[in-house]
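Please explain this structure to a reader who has not seen it before. Go from single features to the chain as a whole, in plain paragraphs.

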Amino acid sequence: MIQTQLEKLIAQSLKRAQKKGELPKFPVPAIAVTRPRRQGQGDYSCALPLQIVRDVNNALKAQQAGKLAPMQIGEILLKRLPAAEFLDRAEIAKPGFINLYLSPAWLARQTALISQQGGEYYQVDLGEGKKVQVEFVSANPTGPLHFGGARNAAIGDALARLLENSGYLVQREYYVNDRGTQMRTFAMTLWRRYQQLFGMDVEIPADGYPGAYMIEYAEKIKAEHGDSLLSLTEEEVPERFQELGLKIVLDELEHDLAMMNVHFDNWFSEQSLYDNGDFAKVYAILRDQDDLYEKDGAVWFRASKYLKSDRDEVFIRSNGEPGYFASDIAYHYNKFIVRGFEWVIDVWAVDHQNQAKRLPGTMRAFGIDPQRLTIVLYDLVTLKRGGKEVKISKRAGEIVTMREVLEEVGADAARYFLLSHSNEARIDFDIDLAVAQSSENPVYYIQYAHARSASILRKAADAGLKPATDHLALLTCPEELALLRKMLQLPEVVINAVDHLAPHHLPHYALDLAKTYTNFYGHCRVIDMERKDLTEARLMLVQAAKTTLAYVLSLMGMTAPEQM
RNA sequence: GCCCCCGUAGCUCAGUGGCAGAGCAUCGGACUUCUAAUCCGUUGGUCGCAGGUUCAAGUCCUGCCGGGGGUGCCA
């Protein structure tokens, strides 16, 4: 990447200047080349002279030599800066910045590489083939996914896509909480709804699920099994209805997530941890390490041994059922030890922050470095309709489902909007506003830029013109070069997004890129039958821009339409 | 009480220690288009408050104020 190469060049110039005796000797600090936010300060800039002025002058004082100002240090560094094909020139700017300018000719040549290599041109190898799992959504399978889950899906899937394109081997997993009290209540509610369909005078459990969707599920069961299940014994009911209900919900989840272009590689059953012996193994390990003890009729896990905290966690509740902590620990034992993931990312809503703070540390009990478990927390989505908040409550049966929002605003717009906020920021999502504004939504602006490039290429092909590399040097307009610069920024955006597990940088960059492209489009007419050479070069640029737009859109899980 | 997150333009939000940004909205222009779902220009901010660190702070540290969340034998 250009940025790191520039950092190396500047480090070299400092070493050279020290070797020549133009600057005194001191340890070379970490050198940071950044993108200036304003124009006219180079494509990149570096504050090294300001950063080292104190070291320089301290060393000079020890030699009883005179002081140097940051600007003078900059001049010395500039003189020793090695040449590079991508570097046009470097300048000193007050109070002591080195501004670096990319070579226009080199920039123009990149269009050919981008067009040929497509998304690969932008791929960075951060992961080196490391096996990483992204576990996300994982909502309780007791009903349709509410819209808050859509944010989880958008973030988790974008992270997976970012990692896949950064050299990681990624698995997407959905953790299915298919055991415990919630599941039991779900099954019993379903059973009652089923009975009611046959006119039986029964009530759903007091703590049951009142939502109308439960009746739909019961109707599905009735359609398939008729009245044959009415004869089940009291012991058979919970298990059978859990099984039937779970299948319906999982099918529905898979379908709804597919609407958002999200697909999981694996649906992992919580129950399987107990069936396959993982839980028993974990229990034995902890017991043998004296990490478990009994109190108040429950079995406790000595979390305080592994965390900076004096609080322990209930492992087996006094009713004999394992608590959620037990399942979580066994689950992550399975991820690391049984399945061998080197890195695990869980995407959780902020209301699990306490667990998020504690779970990684407990991995030490199995000799697993807590750093291998990253929990990405995101804040909730507040849904509004016409400025009024819509309460999401599964309990009251009043929920806004992901499906209905997707049907209203579309998957692309929903994904874009959900991704465009930083994970920690709460989102106010006004459905009416989202629908009303959809025509002037940035989503369409970005997709439109892509569709336009496709259109130009089609039109050119009809006229017998194709992108060609022969005259790329003709790409010298400010708008052309600005577009190239913006495209080359993509790897930096990806690295930043991966480093911070912050996919919200993607939509902002995409909008920026589309804007730069549209500006080019407005200023530089591409197809010009009088100038075949320039047309071919610009077509190459258009193709490169189209590739880049499509690549960013795919990182966000959005479609890149050929026409709109 | 203690812990975490948020507070930046009218609105919605970006901002990796380097001269405060985008979209929308406002106002003024441009439609015989390679797709006007567009373009050009304009208005708009003591970055919640107060200290501190630094050559340099929206950004790092401390303390406040306001909003949200967490602190279960729920998950």
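**Charges, loops and the overall chain**

Asp157, Arg161, Glu164, Arg172 and Arg415 are joined to one another in a network of salt bridges. The model that shows this network is a predicted one. Over the whole structure, a search finds 30 salt bridges, and three further pairs can be looked at one by one.

The pair to begin with is Lys335 and Glu135, whose side chains meet in a salt bridge with an N to O distance of 2.8 Å. This pair links distant parts of the chain, since Lys335 belongs to helix 11 (residues 324-338) and Glu135 to strand 5 (residues 131-135), 200 residues apart. Are these two residues buried or exposed? Lys335 counts as buried because its relative accessibility is 0%, and buried means under 20%. Glu135, at 4% relative accessibility, also counts as buried.

A second pair sits within one helix. Lys247 and Asp251 form a salt bridge between their side chains, at 2.8 Å from N to O. Both residues lie in helix 8 (residues 236-259), and the 4 residues that separate them amount to about one turn of the helix. Lys247 is exposed, its relative accessible area being 52%, and the cut-off for exposed is over 50%. Asp251, with a relative accessible area of 38%, is partly exposed.

The third pair is Arg89 and Asp88. Their salt bridge has its closest N and O atoms 3.2 Å apart. Arg89 counts as partly exposed at 38% relative accessibility, and Asp88 counts as partly exposed at 40%.

Charge also appears in a surface patch. Arg16, Lys19, Lys20 and Lys25 gather on the surface as a patch of positive charge. One of these residues, Lys25, is placed in the loop between helix 1 (2-19) and strand 1 (33-34). With a relative accessible area of 63%, Lys25 is exposed.

Two residues in loops stand out by their backbone angle. Most residues other than glycine have a negative phi. Gln64, which is not a glycine, has a positive phi near 60°. Where is Gln64 placed? Gln64 is in the loop between helix 2 (48-62) and helix 3 (70-79). Its relative accessible area is 76%, so Gln64 is exposed. Asn261 is not a glycine either, and its phi is positive at about 65°. The loop that holds Asn261 runs between helix 8 and strand 7 (266-269). Asn261 counts as partly exposed, with 31% relative accessibility.

The last step is to view the chain as a whole. Chain A has 20 helices and 15 strands in its secondary structure. Its C-alpha trace spans about 90 × 70 × 40 Å along the principal axes. Of the 564 residues in chain A, 52% are buried. Taking the contacts in chain A between residues at least 6 apart in sequence, 73% join residues at least 24 apart.

The surface and the charges can be summed over chain A too. The accessible surface comes to about 26100 Å², and carbon and sulfur atoms account for 48% of that area. How many side chains carry each charge in chain A? There are 65 positive and 74 negative side chains, and 10 Å separates the centres of the two sets.

Terms used: Residues numbered from 1 in each chain as written. Chains lettered and ligands numbered in written order. Predicted model: local features only at pLDDT ≥ 70, side-chain atom pairs only at ≥ 80, totals over all residues. Heavy atoms only, no water. Patch = residues over 30% accessible without salt bridge, like charges linked within 9 Å, V, L, I, M, F, W, Y side chains within 5 Å. Areas by Shrake-Rupley, 256 points an atom, 1.4 Å probe, with all protein chains shown as cover. Salt bridge = Lys/Arg side-chain N within 4 Å of Asp/Glu carboxyl O. Lys, Arg positive; Asp, Glu negative; His and termini not counted. Charge placed at Lys NZ, Arg CZ, Asp CG, Glu CD. Helix = DSSP H or I, 4+ residues; strand = E, 2+ residues; numbered from the N terminus. Buried < 20%, exposed > 50% of the residue type's maximum accessible area, 1.4 Å probe, protein only. Contact = heavy atoms within 4.5 Å.
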